[in-house]
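Subject: Structure handover

Hi,

Here is the structure you are taking over. Please open it next to this email as you read.

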Amino acid sequence: MNTKRIIQGLGTALLLAFGVKFAKAEYQPSPEIVQAQEEFADSKFGVFFHWGLYSMFGQGEWYLNYGPKQEEYVKAAKGFYPSKFDAKAWVKAVKDAGAKYICFTSRHHEGFSMWDTDMSDYNIVDATPFGRDVLKELAEECQRQGIKLHLYYSHIDWGREDYPRGRTGLDTGVDLSHPDWKGYYDFMNGQLKELLTNYGPIGAIWFDGWWDHDEDKTPFDWELPAQYQMIHDLQPSCLVANNHHQTPFEGDLPGENAYGLSGQAISQLPLETCATMNGMWGYKIADQNYKDPQILIHMLVGAASKGANLLLNVGPQPSWELPATALNRLAEMGKWLNEYGETIYGTRRGDFPAQSWGTSTRKGNLLFVHVLEPEAPVIYVPVKGKVKKAYTFKEHKKVKFNTAEEGILLDVGKIDKDTIDYVVVLETTKL
Ligand code: GLC
């Protein structure tokens, strides 16, 4: 399952999430946000780390929802000692993969905070024998190695009594008779203040869980405008993402509708598609079903061709180590990007919707044609503008083409069938 969401500045999220609060014309992103959005859109590839107390159980990040009682679950914290903790190793793996940013789960639905928060003792420093602020070390290492840090933050908390339960986390044994939205909102904002004050520049806050709310059961106003405003007041360049499970919805690349849930017009805001490498976000011991490097590379190209970044997830083990297969996949992505990065980084969506043979990305007057599934020796490529030159990306060898209606017929007969992505560069007139 992959999830699509939108990175934006203040206000527009609401427009997209709820469709009512702001008229589009009213939303004026600040110059800092506009610049951050551009940089984000240029970066194209990030790595998601789902790592928390849940990693200890090896059953994915939703484990608490599926049976254990909170009272028992919290006991795992006393044994949480990530003996291989080494922020450098994670950041290096991400850099070697050619990714430009990390999104780290600071606190997932289980409610365990992965930093030294003063808002609750249920955190990696106060509740575990490890006692180190892993977020601090990760943030410092990201700055050292020039990788942007985004923070996932859950709007849901299954462990707290004040969180007004929605549809999930109802069976954890926590007393649910005193929900207190105001108190919980203050708690979250207190935590966000810490995250945006004590850990250097944060590229984005990545919210998740708005979708859990059951308005009939516990009516309250999410007060997201104030929450987003606080984020921008604390860090004017910090983007806000909300995985709201609303249109645009889960399951498809932007504009596609393979799952029957999506298919909306593509937003002009920078987009990001997140995906698991195997089938689970948090570490799942029984899931070794990793996607092949070719599939992952095709996902990256597919996302870029729609103007979206790919946020590829890894669920590190309780020790903090990355599963060996995940490390291998990251290295494979890096190898490919090392050679083909120019056709991905800094590009914007291609000229046409995905074809059965592949797709395209654009950078100025260069259209990169990505042939992913070679099928015929000559393919029709829709192109905006006139094609002046066509050559292979790798060897810079001329490729034959004939002008056709609103595009060209491109000779790809020389394609090596084993190539993961055969890229032909079309130099076009200025658009
Ligand atoms: C869903 C899940 C969550 C996961 C997220 C990643 O919202 O609830 O476990 O972190 O998707 O996109």
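Below are the findings, starting with the ligand and moving on to helices and single residues.

First, the ground rules. This is a predicted model, so local features need pLDDT of at least 70 and side-chain atom pairs count only at pLDDT 80 or more, while totals for chains, interfaces and linings use all residues. Residues are numbered from 1 along each chain as its sequence is written, and side-chain values use heavy atoms, with hydrogens and water left out.

Ligand site

The ligand is surrounded by 14 residues. A residue is near a molecule or strand if one of its heavy atoms lies within 4 Å of it. H50, E61, W62, H108 and D208 are the closest. By class, the shell holds 6 nonpolar, 6 polar and 2 charged residues. Here Ala, Val, Leu, Ile, Met, Phe, Trp, Tyr, Cys and Pro are nonpolar; Asp, Glu, Lys and Arg are charged; the others, Gly among them, are polar.

Three side chains make polar contacts to ligand oxygen atoms. A polar contact is a pair of N or O atoms within 3.5 Å; within protein, one must be able to donate a hydrogen and the other to accept it, and residues adjacent in sequence count only if both atoms are side-chain atoms. For E61, the distance from a polar side-chain atom is 2.5 Å. For D208 it is 2.9 Å. For N243, a side-chain N or O atom sits 3.3 Å from a ligand oxygen. On its own, the ligand has 310 Å² of accessible area, and the protein covers 97% of it. Accessible areas use the Shrake-Rupley method with a 1.4 Å probe; for residues, only the protein chains shown count as cover.

Two helices

Helices (H or I, at least four residues) and strands (E, at least two) are DSSP runs, numbered from the N terminus. The expected span of a helix is 1.5 Å times one less than its number of residues.

Helix α5 covers residues 134–145. Its 12 residues should span 16 Å, and its end C-alpha atoms are 16 Å apart, which agrees. Its buried residues (under 20% relative accessible area; exposed is over 50%, partly exposed in between; 1.4 Å probe, protein chains only) are V134, L135, L138, A139, E141, C142 and Q145. They cover an arc of only 165° around the axis, so they lie on the same side of α5. The arc is that of the directions from the helix axis to the C-beta atoms.

Helix α6 covers residues 181–197. Its 17 residues should span 24 Å, which agrees with the 24 Å between its end C-alpha atoms. α6 is mostly covered, with 12 of its 17 residues buried. Among them are W181, Y184, Y185 and F187.

Single residues

T361 is in strand β10 (residues 358–363). T361 is buried, at 0% relative accessibility. Its side chain reaches the backbone oxygen of T343 at 2.8 Å.

Q37 is in helix α2 (residues 31–43). Q37 is also buried, at 11%. Its C-alpha atom is 6.4 Å from that of P270, though the two are 233 residues apart along the chain.

Two non-glycine residues have a positive phi. K44 has about 65°. K44 lies in the loop between α2 and β2 (45–49) and is buried, at 0%. E223 has about 50°. E223 lies in the loop between β5 (204–208) and α7 (224–234) and is partly exposed, at 32%.

Best wishes
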